[in-house]
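Work through the following exercises with the sequence and the structure side by side. Each task is followed by a solution that goes step by step.

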Amino acid sequence: MRRAFIVTLAFVLPLAAAAQELRLPNKDGSVKFAVIGDSGEPGTGQTAVARQMHTWLSKYPYKFVLMTGDNLYGSERARDYERKFSIPFKALLDAGVQFYASLGNHDDDGQTQYKAFNMNGQKYYTFKPQNGVRFFAIDSNYVDQKQLQWLDKELAASGSDWKIVFFHHPLYSSGATHGSADLQRELLEPVLIKHGVNVAFMGHEHFYERIKPQKGVAYFIIGSSSKLRKGDLRKSPLTVYGNDSAYAFLLVEIAGDELFFQAINDKGQTIDAGSVRRAGDVKPSPGGTTQPVVPQAKPSPVQPGPRKK
């Protein structure tokens, strides 16, 4: 009996260790960042995610964090910003990590004035961490003509190989509670594919889902950084992999024409990993972005796709 136990333990330990290994190349000069979503609910989930994000910072020195909305649940007084953000994420802020927020349906416009969210008073904005890569924060709560004109202009003028958007409502989703945001997709998708957007990070659904590239755009839902809706993810033809059983965040690295990703749960275990590659410029088409991405043959650490409900 004891021998069987030792053999079993020897088999389990390497698997556990492998789940906590960095799967990103961690190259010099690459763009390194993290993504969280629906992160503004104090509690054990938020605390565990924030702790793991700081732990992984020593392995992977990312410079900034994208926030896909619902950054503060409930009241938004000065002490709420502390209790729901600056205290739980203090270790990252003290380390110099920058946060870039987008607004969710639970967020007040006043968040645009909060210095640590780097919105500079704007509900939608853009920033470029280095040449060749530009990010666009979108306010998916109110996609009006003014914002669409801004987005069209900024994307056209960006000149970046990688154009990455982040916002709250998922254009594609397999969630039972919300599902795909059809109205936002009708308004935003034509602009995204017109200007060669490669990747979109979204929230709103309280789970993690990696969507099959749609019209050449890679979509990720990361909305389980402080809230979790267990059993809400229904595997669909959209789903490559998903997880609705653990709080999570995402680590991302852009190196040349390839974007690597690693989704990590609140216990520090890798639940998904892989990469997508820019395929290069193609002719404009209503059916696809002008700079599509192609999934690479990278093994996922777990069986792709959630179980059917």
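**Exercise 1.** Determine how strands β11 and β12 pair, and over how many bridges.

*Solution.* In this predicted model, strand β12 covers residues 258-265, and its pairing with β11 is antiparallel, over 8 bridges. To fix the register, take isoleucine 254, whose bridge partner in β12 is leucine 259. Then look at the turn of the hairpin: 2 residues lie between the strands, and glycine 256 takes a positive phi near 65° there.

**Exercise 2.** Decide which strands lie on the other side of β11 in its sheet, and give the order of the whole sheet.

*Solution.* Start with strand β1 (residues 31-36), which is joined to β11 by 5 bridges and runs antiparallel to it; phenylalanine 33 has valine 252 of β11 as its bridge partner. Next, 4 bridges join β1 to strand β2 (residues 64-67), and here the two run parallel, with alanine 34 standing opposite valine 65. Now place these strands in the full sheet, which is open, has 7 strands with mixed pairing, and follows the order β3-β2-β1-β11-β12-β13-β14. The edges are held by β3 and β14 (293-295), each of which has a single partner strand, so one side of each is left without a neighbour in the sheet. From one strand to the next, the twist averages 25°. Finally, helix α2 (residues 44-57) packs on this sheet, where it touches β1, β2, β11, β12 and β13 (270-278), and its direction makes about 30° with that of β11.

**Exercise 3.** Establish whether the residues of β11 are buried or exposed, and treat its two faces separately.

*Solution.* A residue counts as buried when its relative accessible area is under 20%. On one side of β11, Ala248, Leu250, Val252 and Ile254 are buried, and on the other side Phe249, Leu251, Glu253 and Ala255 are buried as well, which leaves both faces covered. Because 8 of the 8 residues of β11 (residues 248-255) are buried, the strand is largely enclosed by the rest of the structure. For the protein as a whole, buried residues make up 54% of the 309 residues.

**Exercise 4.** Describe the surroundings of phenylalanine 117, and say where in the chain this residue is found.

*Solution.* Phenylalanine 117 is in the loop between β3 (98-101) and β4. Its relative accessibility is 0%, and it therefore counts as buried. Leaving aside residues up to four places away in sequence, phenylalanine 117 touches Met67, Asn71, Tyr81, Phe85, Phe99, Tyr100, Ala101, Gln111 and Tyr125. One of these contacts, phenylalanine 85, is 32 residues away in sequence, while the C-alpha atoms of the two are 9.9 Å apart in space.

**Exercise 5.** Check the length of helix α5, and work out why its buried residues line one face.

*Solution.* Helix α5 comprises 14 residues (residues 145-158), which at 1.5 Å a residue should span 20 Å, and the distance of 20 Å between its end C-alpha atoms agrees with this. The buried residues of α5 are Gln147, Leu148, Trp150, Leu151, Leu155 and Ser158. Viewed down the axis of α5, these buried residues fall within an arc of 160°, so they line one face of the helix. The spacing has a general background: an α-helix has 3.6 residues a turn, so residues three or four places apart point the same way. On the other side of α5, the exposed residues are Gln145, Lys146, Gln149, Lys153, Ala156 and Ala157. Just after the helix, glycine 159 takes a positive phi of about 65°.

**Exercise 6.** Find what the buried residues of α5 pack against, and describe the sheet that carries this helix.

*Solution.* The buried residues of α5 pack against β4 (125-130), β5 (133-137), β6 (162-166) and α6 (182-194). The strands among these belong to an open sheet of 7 strands with mixed pairing, in the order β4-β5-β6-β7-β9-β8-β10. At its edges stand β4 and β10 (239-243), each with a single partner strand, so one side of each is left without a neighbour in the sheet. The twist averages 15° from one strand to the next. As α5 packs on the sheet, touching β4, β5 and β6, its direction makes about 175° with that of β5.

How values were computed:
Residues numbered from 1 in each chain as written. Predicted model: local features only at pLDDT ≥ 70, side-chain atom pairs only at ≥ 80, totals over all residues. Heavy atoms only, no water. Buried < 20%, exposed > 50% of the residue type's maximum accessible area, 1.4 Å probe, protein only. Expected span 1.5 Å × (residues − 1). Arc of directions from axis to C-beta. Contact = heavy atoms within 4.5 Å. Pairing = 2+ DSSP bridges. Axes fitted to C-alpha atoms, helices over the stretch in contact; angles between N-to-C directions.
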